[in-house]
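Hi everyone, thanks for having me. Have a look at this one with me for a few minutes.

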Amino acid sequence: MLTGLTRPTSGTATIAGRQYAALPNPGRVVGVMLDAAAQHPGRTGRETLRLTASLLGVGNRAADDMLERVGLNGAEGRLVRQYSLGMRQRLGIGVALLGDPAALVLDEPANGLDPEGMRWMRILLQDFASRGGTVLLSSHLLREVEATVDRLVVIGGGRIVAQGTLDELL
């Protein structure tokens, strides 16, 4: 609902006070990764990031820098279909970060990551948040959530059923 893919049955969902579709360049405001498998399997990692960079208006240099930031340098010329799930997760996170957004919406970002990849993601997201960014993360990996987040919002049946700091809820 936040990204306009599903209509809410009531109420509205906004980002920076506007509906997602009304944002002039949404990827510059909010980076989204809902499914790491959503990348075109016939493109390379570099092509995927450069196409996104072009759409966002950030240029090829930003795409090439992102390859290194997400640990895919050395694999940038391989087709996405040849990437492991963890590599596709890294690419998806890179796509979400490419527009230098103020917020990230990530669905199961640790899925398929090995322990080093989970550590990398945790550091990346904590750094993003420490610089003023907001991360909305959904996950069923409760230990990873506990190691990554400052605040929790538990949603059930489309309603917030609990929210607070880790200490308050755990």
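I'll talk about one helix and the strands on either side of it in sequence.

Quick housekeeping: this is a predicted model, where local features need pLDDT of at least 70, side-chain atom pairs count only at pLDDT 80 or more, and totals for chains, interfaces and linings use all residues. Residues are numbered from 1 along each chain as its sequence is written, and side-chain values use heavy atoms, with hydrogens and water left out.

So, helix α4, residues 115-130. Helices here are DSSP runs of H or I, at least four residues, and strands are runs of E, at least two, numbered from the N terminus. Which residues of α4 are buried, meaning under 20% relative accessible area with a 1.4 Å probe, protein chains only? They are G117, M118, W120, M121, L124, L125 and F128. These cover an arc of only 160 degrees around the axis (going by directions from the helix axis to the C-beta atoms), so they sit on the same side of α4. Why does that work? An α-helix has 3.6 residues a turn, so residues three or four places apart point the same way. On the other side, P115 and S130 are exposed, which is over 50%, with partly exposed in between.

What covers the buried side? Among others, α2, α3, β2, β3 and α5.

Now β2: four of its five residues are buried, so the rest of the structure largely encloses it. β2 runs parallel to β1, with four bridges, and parallel to β3, with five; pairing takes at least two DSSP bridges. L104 in β2 stands opposite G31, and its partner in β3 is V135.

Technical notes
Expected span 1.5 Å × (residues − 1). Contact = heavy atoms within 4.5 Å.
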